[in-house]
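Got your viewer open and a hand on the mouse? Let's take a walk through this protein, one selection at a time.

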Amino acid sequence: TYNFCTIKLIIDRYPIESKWYMILYPDNSIMQIPGAWTKIFFNIQKLEYSLKEIEQQFLLERYKDPRICFTLSAASIGGANLRNEPYRGSQLQQQLNDQVKRYLDSDKGLKLDKQNGVLYLSNLFQMHKQTFLESEFASVLKFRNRKPEERAWLNFVLPYLSEEDAYYLEKNDVSIKFISYNWNLNQR
């Protein structure tokens, strides 16, 4: 629903007109649409919801599953790639894991620089810090010497890494840096 509403938002306003006061974002970005997250409403089962309400209340706060963050496209190159199939209850766990794996395997998701001891994570991790802190990954005692959000992020990514990369993260105190989020409209 979130992704369909996002696509509708873009289609209804395409081509996107840039705003002079939004100079920090690309001209062809959802960020150029005033109120895109909070002031534009979508009718869902005879009630109106904003994108932020769908994302926060119905998905992240209810399920406290950070994998959901990697399913939401935000109509941007930096966001999740859309699947060519609907999310289904009987396949949901596999689909969520697949989405995270695909995202982290991409240049926008995760890069491990062993030579310099740096783990680069998508800025999505920072943007959804609270979701990670409220998830099961925050309470895992591995990486206990790290800040709570870093512990959650590291525990989250570990199962999606190769055995060699996971071992490296467990044995080395890497610094975490963030990959800039690409707000350009995903027109693919």
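One thing before we set off: this is a predicted model.

**Stop 1: a pocket**

Start with the largest pocket, which holds about 910 Å³ of space. Select Thr 1, Tyr 2, Asn 3, Leu 59 and Tyr 87: of the 25 residues in the lining, these lie nearest the pocket's centre. Now colour the pieces of secondary structure around it. Helix α1 (2-12), strand β2 (47-49), α2 and α3 each give at least two residues to the lining. Which one gives the largest share? That's α2, with five residues. What sort of residues make up the wall of this pocket, by class? There are 17 nonpolar ones, plus four polar and four charged.

**Stop 2: a buried arginine**

Next, click on Arg 67. You'll find it in the loop that runs between α2 (51-63) and α3 (92-105). Is Arg 67 buried or exposed? Its relative accessibility is 10%, so it counts as buried.

Show its side chain and look for partners. One polar contact goes to the side chain of Gln 93, at 2.5 Å. Another, at 3.0 Å, reaches the side chain of Asn 97. If you skip the neighbours within four places in sequence, the residues in contact with Arg 67 are Gln 93, Leu 96, Asn 97, Val 100, Phe 156 and Tyr 160. Keep Phe 156 in mind for the next stop.

**Stop 3: an enclosed helix**

Phe 156 is one of the buried residues of helix α6, so select that whole helix, residues 148-157. Why call α6 largely enclosed by the rest of the structure? Because nine of its 10 residues are buried. Besides Phe 156, the buried set includes Trp 153 and Leu 154, and also Glu 149, Glu 150 and Arg 151.

**Stop 4: a helix with two sides**

Move along to α7, residues 163-171, where the buried residues are Ala 166, Tyr 168 and Leu 169. Turn the view until you are looking down the axis of α7: its buried residues fall within an arc of 160 degrees, so they line one face of the helix. Here's a handy bit of background: an α-helix has 3.6 residues a turn, so residues three or four places apart point the same way.

Which residues are exposed on the other side of α7? Select Glu 163, Glu 164, Tyr 167 and Lys 171 to see them. Then go back to the buried residues of α7 and see what covers them: β3 (110-113), β4 (118-122) and α6 are included in that cover.

**Stop 5: a lysine on a strand**

Now pick Lys 177, in strand β5 (residues 175-179). Lys 177 has a relative accessible area of 43%, so it is partly exposed. Leaving out residues up to four places away in sequence, Lys 177 touches Val 118, Leu 119, Tyr 120 and Leu 121. Try the distance tool too: from the C-alpha atom of Lys 177 to that of Lys 111 is 9.7 Å, and these two residues are 66 apart along the chain.

**Stop 6: a cavity**

How many cavities of 30 Å³ or more are there? The count is one, and its volume is about 60 Å³. To find this cavity, select its lining: Phe 70, Ala 80, Asn 81, Gln 99, Arg 102, Tyr 103, Ser 106 and Lys 108. By class, that makes three nonpolar, three polar and two charged residues.

**Stop 7: some backbone details**

Finish with the backbone. Zoom in on Tyr 14 and Pro 15, which are joined by a cis peptide bond with omega at about -5 degrees. Pro 15 sits in the loop between α1 and β1 (42-44).

Then hop over to Gln 45, in the loop between β1 and β2. Its phi is near 50 degrees, a positive value in a residue other than glycine. Lys 46 is in the loop between β1 and β2 as well, and phi of Lys 46 is also positive, near 70 degrees. Are these residues buried or exposed? Gln 45 is exposed, with a relative accessible area of 76%, and Lys 46 is exposed too, at 84%.

Note on methods. Residues numbered from 1 in each chain as written. Predicted model: local features only at pLDDT ≥ 70, side-chain atom pairs only at ≥ 80, totals over all residues. Heavy atoms only, no water. Helix = DSSP H or I, 4+ residues; strand = E, 2+ residues; numbered from the N terminus. Buried < 20%, exposed > 50% of the residue type's maximum accessible area, 1.4 Å probe, protein only. Polar contact = N/O pair within 3.5 Å; in protein donor to acceptor, adjacent residues only side chain to side chain. Contact = heavy atoms within 4.5 Å. 1 Å grid on protein atoms, 1.4 Å probe; cavity = no way out; pocket = protein on both sides within 12 Å on 5 of 7 lines; lining within 4 Å. Points joined across faces, edges and corners; volume = space filled by probe spheres on them. Nonpolar A, V, L, I, M, F, W, Y, C, P; charged D, E, K, R; others polar. Arc of directions from axis to C-beta.
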